[in-house]
Each structure stands twice: as C-alpha cells, then as structure tokens.
Amino acid sequence: MAQNYKELGINKMVAGFFRNNDKLGYVLLPVAAIFVWAFSLILPPFHQVSGLKTSFIYSVFLNNSSVNLFLGLNLLFSIANGYLISFVCTKHEISDKQNLLPGFFFILFTGLLNLSGAFHPIIPASTIVLLALFRLFSIYREEMSLSEVFDASFLLSLAVLFYAPFIVFVSVPFIAMLILKPFKLREWLLSLLGILTPLIIASALLFMGNRDYMYYWQIIQESIVPIHAFSFGKGTFLIHTAAVLCFFLSIIYMLGRSNSQKIKTQKVKYVLLWMFILGFLSIFVMAEAQFFMGALVLIQLSIFIGDYIGGTKKNGLREFLTLLLLVAYVCSNLQAVGYL
C-alpha cells in the first residue's frame, strides 16, 4: 500500500498531471500559463513594449499600443496556444490522447520570449502556424485536398506578416505534400496562390492607405542578414542545455518507435522534423538576437519533447526531465536579469 502511494506521488508530481486519464490537465494548462505569466511580472523586461522591427502587423497597427494591452494579449494567447498545440497533437495522433505535455512545454518555452518585452510577435504568429499545421496534416491519404492546402499556405504566409522570420516556413506545405501524399499539380499551384494571397491583400491595403505597397517586404529583408555566428548571452546556458538534451532524447525515442507507430504519425513527425531543420538553420541568418536561440523551433521542440516525456513509461525519468526544464527555465530567466 505504501509503495502504491509512493508511485502515485511520483507519477503526479508535475508531468503526471498533464498525462492522465481524467480532464485535470485541461484545467491545469491555463493555470500553468498564469504561473508563467505571473513569474514574468518580476522580470523588468516584461514591462516594456517590444522594440522589435520584425513584424509588419506590429509596425502598422500596434506601434502605439499600451503595455497593459500587450500583457493581457500575452496571457490570452499563451492559454490559447497551449490548448491549440495539444489539440493538433491529439487530433492528428502525434502523441497519446491524454498527453497534454506539448501544450505545457509550449507555454513554458514561449515564456522565454518575455525577456524581449510584454508581447513578442512570434506568439500570435505561432497561433497561426498551429492552425496551418492542423489543416496541413489533414491532407494525409486524401485524394484531393485543395481547400486544406490553400488554407495552410494562406495561414503560413499570414504568419510571416505577424513575424517576418517565419518566411522560412513558406516551403513547409510543399514539403508536407511530398511526404504525406502523391504529387498533384493543382494542389501545388493552389498552395502557391495561398502563399501569395495575404501578401497581395497587404499590398492592396497599403496602396489604399497611400503607403509603400511593398513595406512588408522591407521588414522581411531587414529580418535577414548574411550568415553569421551567434553567441550565448547571460543566463542562456542552462535552458539551452536542458532543451538540447531533451530534444536529443526525443529524437532517439521517435526513431526507436518508428516501426510501432501509425504511418500517419511517422510522416507527420518527419514534416515537423523538416520544420525543425529550417528553424534551426534560421539561427544563422536572423538579424534579431534572441535570448533563446531556438525561437523558430518552439512548436517543434514542444511537440517532440512533450511526446517523448509523455510517452516514456519511466515515471521517475519523466518527472526528472520535466523538473529539469522547469528549474532551467526559472534559473535562466533570473540569471538573465541579474537576480542570480
């Protein structure tokens, strides 16, 4: 009896609450987002308006907004993204149906962006990318997926207007179509049209507003610089080390289970792996210096790590890795602002 209680305690320490057979995890996701948000309130950079110039939407519509508005949007989008990434993972069978750890880790990792200001444009852009992935993964084994391909391409292009470095992901629909289904010329042409449509609409609106109708392209160009080396700033060592370790283990876990998973699950993960490669390579050409170097792989990291930690049968290892990421997150943030 005592042994059973001990095992139950280990199982429910942290990760176990987001990987269970009841609905408690769905309640705890917004609680986790609130805790991350509240923790960020003690960080001075979180009370500032982001001075980043990598967002067309920011520069045109939100450049005079208040800090309080950004703080509120930060919390709302964090909660929404936590639910959304978990929904995408369960709906497309990327992870177990009761595994909400991808959502929890996405909330945690995006909290690292709070050192850039009250509301980083990558947060709403990630929401749009998640919606695009939901539509894109639906094309698997479909005879014709014209609406899904157009919607996904449209959304990925729209995400670029929210956060210019996401331009690296406009090739994802074509990669997904190569992996998930046979070649169909109509779908490829429609995907190209979906990518161009938001840009054409943005140009039309700028033209009617008597502004440079290619202004968004200027922002995209300014967000990309020639290949350069990057350096780790103060407080970055712990969180990067923990994230790299967990991601490495998750890739080993994915490859080790490749023969026991559904074909769709395998192929979707390969699409995500290609997205990770594109996001990782962008580190060397991004003009923006991020506290967390993997800003463009937050979605992919959260899914792979959440799937691995949620799927492992070793309760002690699952809780240890979750606590490791939590401790690294807290200590890295405190070191970055000089509190440690």
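## A walk through an all-helix chain

Let's start with charge: the chain carries 22 positive and 14 negative side chains, and the centres of the two sets sit 6 Å apart. Here Lys and Arg count as positive and Asp and Glu as negative, while His and the chain ends are left uncounted. Each charge is placed at NZ of Lys, CZ of Arg, CG of Asp or CD of Glu.

Before going on, you should know that this is a predicted model, in which local features need pLDDT of at least 70, side-chain atom pairs count only at pLDDT 80 or more, and totals for chains, interfaces and linings use all residues. Residues are numbered from 1 along each chain as its sequence is written, and side-chain values use heavy atoms, with hydrogens and water left out.

Now for the overall build. The chain has 14 helices and zero strands, so reading from the N terminus you get α-α-α-α-α-α-α-α-α-α-α-α-α-α. (Helices are DSSP runs of H or I with at least four residues, strands are runs of E with at least two, and both are numbered from the N terminus.) Along its principal axes, the C-alpha trace spans about 75 × 55 × 35 Å. A compact globule of 340 residues would have a radius of gyration near 20 Å, and the chain agrees because its own value is 20 Å. That radius is taken over C-alpha atoms, and the globule rule is 2.2 Å times the number of residues to the power 0.38.

How much of the chain is buried? Of the 340 residues, 53% are, where buried means under 20% relative accessible area, exposed means over 50%, and partly exposed is in between (1.4 Å probe, protein chains only). The accessible surface comes to about 15,400 Å², and 69% of that belongs to carbon and sulfur atoms. These areas come from the Shrake-Rupley method with a 1.4 Å probe, and for residues only the protein chains shown count as cover. Next, look at who touches whom, with contact meaning heavy atoms within 4.5 Å. Among contacts with a separation of 6 or more, 80% are between residues 24 or more positions apart.

Time to zoom in on helix α4, residues 67-91. Phenylalanine 70 is in this helix and counts as buried, at 2% relative accessibility. Skipping residues up to four places away in sequence, phenylalanine 70 touches Val49, Tyr58, Leu62, Ser65, Ala118 and Phe119. Its C-alpha atom is separated by 40 Å from that of lysine 313, a residue 243 places along the chain from it. Asparagine 81 is in α4 too, and is also buried, with a relative accessible area of 2%. Setting aside neighbours within four places, asparagine 81 is in contact with Phe106, Ile123, Thr127 and Leu130.

Follow the chain out of α4 and you meet serine 95, in the loop leading to α5 (101-110). At 8% relative accessibility, serine 95 still counts as buried. Beyond residues up to four places away, serine 95 touches Cys89, Thr90, Pro102 and Asp307.

Then comes α5 itself, where ten of the ten residues are buried. Among them are Phe104, Phe105, Phe106 and Phe109. What provides the cover? It includes α2 (24-40), α4, α6 (122-136), α13 (298-311) and α14 (315-336).

Step into α6 and you find alanine 132, which is buried with a relative accessible area of 0%. Leaving aside neighbours within four places, alanine 132 is in contact with Ala152, Leu155 and Leu156. Leucine 155 is 23 residues from alanine 132 along the chain, yet their C-alpha atoms are separated by 5.5 Å.

Which helix residues are hidden in α8? Val172, Pro173, Phe174, Ile175, Ala176, Met177, Ile179 and Leu180 are the buried ones. Since that makes eight of the nine residues in 172-180, α8 is largely enclosed by the rest of the structure. Its cover includes α6, α7 (146-162), α9 (185-208) and α12 (263-281).

Last stop: the cysteines. How many disulfides does the structure hold? Zero, with a disulfide being a pair of cysteine sulfur atoms within 2.5 Å. The sulfur closest to that of cysteine 89 is in cysteine 246, and at 16 Å it is too far for a bond. Cysteine 331 is in no disulfide either, as its nearest cysteine sulfur, again in cysteine 246, is 15 Å away. Cysteine 89 is buried, with a relative accessible area of 0%, whereas cysteine 331 is partly exposed, at 21%.
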